[in-house]
Amino acid sequence: MLDTTQSEATPSQDEPRGCLFALSQPPLMIFLAVIGSLLLMAALHDLLLL
């Protein structure tokens, strides 16, 4: 038989999830890493090659 009672460790569905939950998502972190690396390459190009 399955236990359908909610445990206290699981958050309720009514609680809003914050920014740290959004940043923990892998697609968002991959997107931010790509954008950050492009900005870093552009900055290094401006500083070192121009």
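**Notebook: burial and the nonpolar patch**

I looked up burial and found that buried residues (under 20% relative accessible area, 1.4 Å probe, protein chains only) make up 0% of the 50 residues in the chain. I note that this is a predicted model, in which local features need pLDDT of at least 70, side-chain atom pairs count only at pLDDT 80 or more, and totals for chains, interfaces and linings use all residues. Residues are numbered from 1 along each chain as its sequence is written, and side-chain values use heavy atoms, with hydrogens and water left out.

For secondary structure I recorded two helices and zero strands, taken as DSSP runs numbered from the N terminus (helices H or I, at least four residues; strands E, at least two).

For the surface I noted about 5100 Å² exposed by the chain, 70% of it supplied by carbon and sulfur atoms; such areas come from the Shrake-Rupley method with a 1.4 Å probe, and for residues only the protein chains shown count as cover.

I then checked Leu 39, which lies in helix 2 and counts as exposed (over 50%) because its relative accessibility is 58%.
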